[in-house]
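Thank you all for coming; I would like to walk slowly through one helix and then one residue elsewhere in the chain. Please have a look at the structure first.

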Amino acid sequence: MADLSAFPSRMLLLDCETTGGRASRDRMTELALIQVDDGVVVDRWQTLINPGVAIPPWITRLTGISNPMVEDAPRFEDIAPALFERLQDRVIVAHNARFDYSFLKQSFQRCGYQFSSKTLCSVRLSRKLFPEHRYHGLDRIIERLGIEIDDRHRAMADTEVILAFFQHISDTFPPDKIESVCKQLLKRPSLPSHISQEQIDALPDLPGIYRFLDAEGVPLYIGKSVNIRERVLSHFSQDHQNSKELDISKSLHHIEFVQTPSDFGAQLLENTEIKLYSPRFNRRQTRSKTLYQISLAEDTEGLLTTEVVATDMTAIEDITRRYGLFRSRKQAQNTMLELIQTHQLCQKLCGLEKRQKGACFGFQLKKCKGACCGKESAASYNLRLRLALDSLKNQQWPWPGPVIIEEHPLHEDWDAVHYHLVDQWRYLGQVKDEADCQQLLNKNQQNPAYFDRDSYKILVRFLLNPDRQKHQRLVIKPFSMDQTELV
């Protein structure tokens with residue numbers, strides 16, 4: 001047997017079988033572990049567990065564990081005291097470790113224990129050490145190593161596969177390489193002084209937003225991620241390099257989170273809350289009181305002229321027929337200047353040079369084709385100008401009225417569906433039923449909502465891209481005021 005001393009000195013290789021994939025709802029049916037001390041296997045232990053609920057037929061077909069087999073087995077609360085002691089101060093090793101760890105943590109929590117442990121995921125270890133392989137599931141490792149196994153999907157058999165994989169790693173790589181990769185995977189960021197490991201452990205590996213709060217509960221920073229836990233931890237892993245992260249860590253006392261079915265809802269909620277709370281460390285996505293756009297008009301000679309104008313934030317028709325959405329007049333003018341230089345447009349007609357008779361200065365430098373002095377026809381210049389502005393064209397609302405966006409969850413660990421009401425590119429909010437929709441639409445008619453540049457960009461990015469809609473599991477349904485039900 002290969003020497004495993006390059007791995008953590010106190011390990012428990014572990015696998016559990018369950019009634020399903022959600023630790024908050026499903027239960028364990030079997031648990032097996034192999035204890036490794038200082039590179040040597042010193043113990044093996046396994047037990048069936050009575051889950052207290054019926055085992056679904058498809059689980060029985062997969063694992064071979066049936067309801068009669070667990071009828072006389074101990075319940076988790078019967079083994080919890082001894083198991084809790086056995087797991088103390090050990091690194092838990094499992095394939096897809098977050099899955100097994102989440103079931104252990106939830107099971108202990110139901111028995112009144114607060115369980116926390118370092119985990120080493122053999123999937124991540126395989127990816128680090130064998131990047132030439134595309135897949136790293138247990139079946140692929142069994143195939144790669146030529147392991148003969150009779151009871152695949154039984155806890156001890158799967159744990160033995162992990163042991164064989166670790167032995168293969170020890171035979172393949174030098175100890176210092178193994179130690180380095182394990183330390184990298186086990187490294188935990190240094191947590192801010194007022195944040196406990198329990199707060200971190202409560203964070204889900206799911207999409208949503210997170211809020212960093214100070215001692216008084218005032219938001220310091222609001223962010224979003226497709227994996228809340230990983231994103232939060234990334235803040236602390238770089239706090240010594242980034243002055244902003246360091247300042248946040250010093251003031252941080254509490255972490256809150258809100259789960260969403262997908263990245264779509266997370267982006268909308270993050271944008272909404274940043275505008276609502278104006279956290280100190282969120283410098284982007286602040287509410288714009290005024291936006292600037294490029295407007296077209298026709299002069300007496302039939303030539304199109306451009307002007308940078310401030311936008312009425314409630315006049316959606318004006319917003320969609322003009323070009324661009326800029327946070328400042330200067331930003332709009334700089335964009336227009338780039339178009340002038342790229343497409344040889346006239347600075348005079350584009351409002352960046354004083355209107356006087358005769359050619360503009362750019363024509364003398366051969367940077368304008370002469371629409372300003374009769375050298376280019378109005379039809380030719382107008383066409384070139386419209387083509388140049390085309391990349392800045394704002395999207396027309398493609399539906400006859402308001403729509404409901406059904407946001408379905410991407411992960412099996414959560415089964416909530418969220419509903420969002422959108423009208424004329426204005427995000428009116430999340431709704432629960434038809435009465436919510438009518439209330440928001442009535443409010444919007446009486447006091448039109450301001451157009452928000454950031455939510456507009458989010459909506460365009462998701463709603464006008466069929467592939468992204470499908471990937472995010474979004475369903476768009478027109479809504480009318482006489483609708484009888486939401487779904």
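Let me begin at the start of α17, where a side-chain oxygen of D433 comes to within 3.2 Å of the backbone nitrogen of A435. Before going on, I should say that this is a predicted model, in which local features need pLDDT of at least 70 and side-chain atom pairs count only at pLDDT 80 or more, while totals for chains, interfaces and linings use all residues. Residues are numbered from 1 along each chain as its sequence is written, and side-chain values use heavy atoms, with hydrogens and water left out.

Helices here are DSSP runs of H or I with at least four residues, and strands are runs of E with at least two, numbered from the N terminus. Which residues of α17 are buried, that is, under 20% relative accessible area with a 1.4 Å probe and protein chains only, where exposed means over 50% and partly exposed lies in between? They are E434, C437, L441 and N444. Seen down the axis of α17, these buried residues fall within an arc of 90 degrees, taken from the directions from the helix axis to the C-beta atoms, so they line one face of the helix. On the other side of α17, Q439, K443 and Q446 are exposed. The cover over the buried residues of α17 includes β12 (403-407), β13 (418-423) and β14 (426-431).

Turning to the other residue, F165 lies in helix α7, residues 155-172, and counts as buried because its relative accessibility is 2%. Leaving aside neighbours within four places in sequence, F165 is in contact (heavy atoms within 4.5 Å) with S122, S126, F130, I141, R144 and L145.

Terms used:
Polar contact = N/O pair within 3.5 Å; in protein donor to acceptor, adjacent residues only side chain to side chain.
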